[in-house]
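Student: I'm new to this one. Could you pick a single part and take me through it slowly?

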Amino acid sequence: MACLSRHHHHHRSWLTSPDDMLQRCPLSAHHHRLRDDDAEPIYLPSLSSAYRIFPVYAMGAPDPIWKAVRDEAKLEAEKEPILSSFLYASILAHDCLEQALAFVVANRLQNPTLLATQLMDIFCLVILHDKAIQRSIRLDVQALKDRDPACLSYCSALWYTKGYHALQVHRVAHALWHQGRKVLALALQSRVSEVFGVDIHPAAKIGEGILLDHGTGVVIGETAIVGNRVSLMHGVTLGGTGKEIGDRHPKVGEGALIEASATILGNIKIGEGAMIAAGSLVLKDVPPHCRNTS
């Protein structure tokens, strides 16, 4: 196991004053919810560290992410006229990123008994009343744009990236779970598993700025916690050993990288900034800023 520099991830700074950041984007209920039951709050960063790392996007106008998405869609419509109807329906007909995302994901998840219109109503009702989710959908798409070389644009992430889609539906399901609407939350989990091949329990706690690359085969258990800026490659399992009850799933520290087909089992800690090698089976704690190669 090799230990890495604390600064092996490089991040840009958008604001110079932490105080300014806190005034413009205060800690949300979503962050509190992630931290309420945690014995080890290290897995989610402090208020000041979170906003030194993340860009702060205004929830009102102007929204730079949404502007970029619309500009890209208009350009693509000029380049590929055959897609103009699709581009209009999925992006240009909507007033904000939240509505566009709800439309795209609802149409991917619909089936004969769960209609796209019903799903879109559910997604919009939750997302448009939860500022934490509104911020998370932007931080997650920014993580794709910054950390996935295959991501050509914000639009391509919004349209085609099933890892991103699965993660945003999980955020909605997580909110519904905490509202006591557990059957609906589990229905969304099941549908995401069927369509995207990603199985995240609605109770799992997942931070912001997450890269769920490809997404295929990712499984995250009920009591798992995933910190901010974590990258999960395809085939990753955050599961239990089958010998435990209660709090039985891994806790992944902020900035960790878990490579393809890694299996992490039990109520163990993956430290901040750690790297888990592809194909690893991890049954013990991994210290911060170390690389596990087993």
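**A close look around helix α10**

Tutor: Sure, and keep in mind that this is a predicted model. Before we get to the helix, here's a quick stop at the strands: β6 (residues 225-226) and β9 (residues 251-252) pair in the parallel sense, over two bridges. In that pairing, Val226 stands opposite Val252 in β9. These strands belong to an open sheet of four, ordered β3-β6-β9-β12 with parallel pairing. At its edges sit β3 (205-206) and β12 (269-270), each pairing on one side only.

Now for α10, which covers residues 162-178 and packs with α6 (residues 97-109). Their axes are 11 Å apart and make an angle of about 100 degrees. An angle of 65 to 115 counts as roughly perpendicular, so that is how α6 and α10 lie to each other. From α6, Leu101, Val104, Val105, Arg108 and Leu109 meet Lys162, Tyr164, His165, Gln168 and Val169 of α10. By type, the residues in this contact are six nonpolar, two polar and two charged.

There's also some empty space to look at. The structure holds three cavities of 30 Å³ or more, and the largest has about 50 Å³ of space. Its lining is made up of Ala166, Val169, His170, Ala173, Leu188, Gln189, Val192, Val198 and Ile200. Two elements, α10 and α11 (182-196), give two or more residues each to that lining. The largest share, four residues, comes from α10. Sorted by type, the lining has seven nonpolar residues, two polar and no charged. Look out for Val169 as you go: this residue is in the contact with α6 and also in the lining of the largest cavity.

Conventions
Residues are numbered from 1 along each chain as its sequence is written. This is a predicted model: local features need pLDDT of at least 70, side-chain atom pairs count only at pLDDT 80 or more; totals for chains, interfaces and linings use all residues. Side-chain values use heavy atoms; hydrogens and water are left out. Two strands pair if DSSP finds at least two bridges between them. Axes are lines fitted to C-alpha atoms, for helices over the stretch in contact, and angles run from 0 to 180 degrees between N-to-C directions. Angles under 35 degrees count as roughly parallel, over 145 as roughly antiparallel, 65 to 115 as roughly perpendicular and the rest as oblique. Contact means heavy atoms within 4.5 Å. Ala, Val, Leu, Ile, Met, Phe, Trp, Tyr, Cys and Pro count as nonpolar, Asp, Glu, Lys and Arg as charged, and the others, Gly among them, as polar. On a 1 Å grid over the protein atoms alone, a cavity is a set of points where a 1.4 Å probe fits but cannot get out, and a pocket is an open set with protein on both sides within 12 Å along at least five of seven lines; lining residues have an atom within 4 Å of a point. Grid points are joined across faces, edges and corners, and a volume is the space filled by probe spheres set on the points.
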